[in-house]
Amino acid sequence: MPALKATVTWQQAVKFLGKTGDGHEVLMDGPPQFGGENAGPRPMEMVLLGLGGCASFDVIHILGKSRESPVSCEVELTAERADTVPAVFTHIHMHFKVSGVKLKESAVEKAVTLSAEKYCSVSKMLRDGNVKVDFSYEVVGALES
């Protein structure tokens, strides 16, 4: 796999512009008590978003390969951090809400489990860094075709 590249450029105060090698941009900012304007997500929030995006990608991909028909997938992430500096994540819980046409609960369970325990690179890195990452799921609004 080719290396991923990104740059982060200081804008002002505690505001930074992140740019991926593919040209996508995201503005990160700190809270007002640290001189920020709350104009973008914090870096640790970006880590959570990365985990949620990676896991959701896997879930949708696995369900598709299983010939399931998902129409929505949302993951709510809740993170706990250490009380000392650096305030690393100590525990992250992901709760998936998935709906689809005649979606089998067993297929959702399998997809979420495979993502969390095998395929999601972000989850693996966090777990290898001693972060407890766990998950739950629910099938919501299963639709008939």
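## Cysteines, core and backbone of a predicted model

Cys73 is partly exposed, with a relative accessible area of 24%. The model described here is predicted. Cys54, in contrast, is buried, at a relative accessible area of 19%. Cys73 takes part in no disulfide, and the nearest cysteine sulfur, belonging to Cys120, lies 12 Å away. Because a disulfide requires two cysteine sulfur atoms within 2.5 Å, that distance rules out a bond between Cys73 and Cys120. The number of disulfides found in the model is 0.

Cys73 is also one of the contacts of Ile60. Ile60 sits in helix α1 and counts as partly exposed, with a relative accessibility of 35%. Beyond residues up to four places away in sequence, Ile60 touches Pro70 and Cys73. Ile60 and Val98 are separated by 38 residues in sequence, and their C-alpha atoms are 9.2 Å apart in space.

Helix α1 also has a part in the interior. In soluble globular proteins, nonpolar side chains tend to be buried together. The largest nonpolar core here holds 24 residues, and the members that touch the most others are Leu63, Met94 and Phe96. At least two residues of this core come from each of α1 (43-65), β5 (89-101), α2 (105-119) and α3 (121-128). Which element gives the most to this core? It is α1, with 7 residues.

Met94 can be followed further through its contacts. Apart from neighbours within four places in sequence, Met94 is in contact with Leu51, Ala55, Val75, Glu76, Leu77, Ala116, Val133, Asp134, Phe135 and Ser136.

Strand β2 offers two adjoining cases. Is Lys15, in strand β2, buried or exposed? Lys15 is buried, with a relative accessible area of 11%. Leaving out residues up to four places away in sequence, Lys15 touches Thr9, Trp10, Leu27, Met28, Asp29, Glu37 and Ala39. Phe16 also lies in β2, which spans residues 15-20, but Phe16 is partly exposed, at a relative accessible area of 31%. Together with Val8 and Trp10, Phe16 makes a nonpolar surface patch of about 330 Å². Phe16 can belong to a patch because patch residues need over 30% relative accessible area, and Phe16 has 31%.

The backbone has some features that stand out. Most residues other than glycine have a negative phi, and most peptide bonds are trans. Two residues in loops, Arg67 and Asn130, have positive phi values, as the table sets out.

| Residue | Phi | Location | Relative accessible area |
|---|---|---|---|
| Arg67 | near 65° | loop between α1 and β4 | 76%, exposed |
| Asn130 | about 70° | loop between α3 and β6 (132-139) | 71%, exposed |

Neither Arg67 nor Asn130 is a glycine. Both count as exposed because the cut-off for that class is over 50%, with Arg67 at 76% and Asn130 at 71%.

Where is the peptide bond from Val85 to Pro86 placed, and what is its form? Pro86 belongs to the loop between β4 (69-81) and β5. The bond that joins Val85 to Pro86 is cis, and its omega is near 0°.

Conventions: Residues are numbered from 1 along each chain as its sequence is written. This is a predicted model: local features need pLDDT of at least 70, side-chain atom pairs count only at pLDDT 80 or more; totals for chains, interfaces and linings use all residues. Side-chain values use heavy atoms; hydrogens and water are left out. A nonpolar core is a set of buried Ala, Val, Leu, Ile, Met, Phe, Trp, Tyr and Cys residues joined through side-chain atoms within 4.5 Å. Buried means under 20% relative accessible area, exposed over 50%, partly exposed in between (1.4 Å probe, protein chains only). Helices (H or I, at least four residues) and strands (E, at least two) are DSSP runs, numbered from the N terminus. Contact means heavy atoms within 4.5 Å. Patches are made of residues with over 30% relative accessible area and no salt bridge: like charges are joined within 9 Å, nonpolar side chains (Val, Leu, Ile, Met, Phe, Trp, Tyr) within 5 Å. Accessible areas come from the Shrake-Rupley method with a 1.4 Å probe; for residues, only the protein chains shown count as cover. A salt bridge is a side-chain nitrogen of Lys or Arg within 4 Å of a carboxyl oxygen of Asp or Glu.
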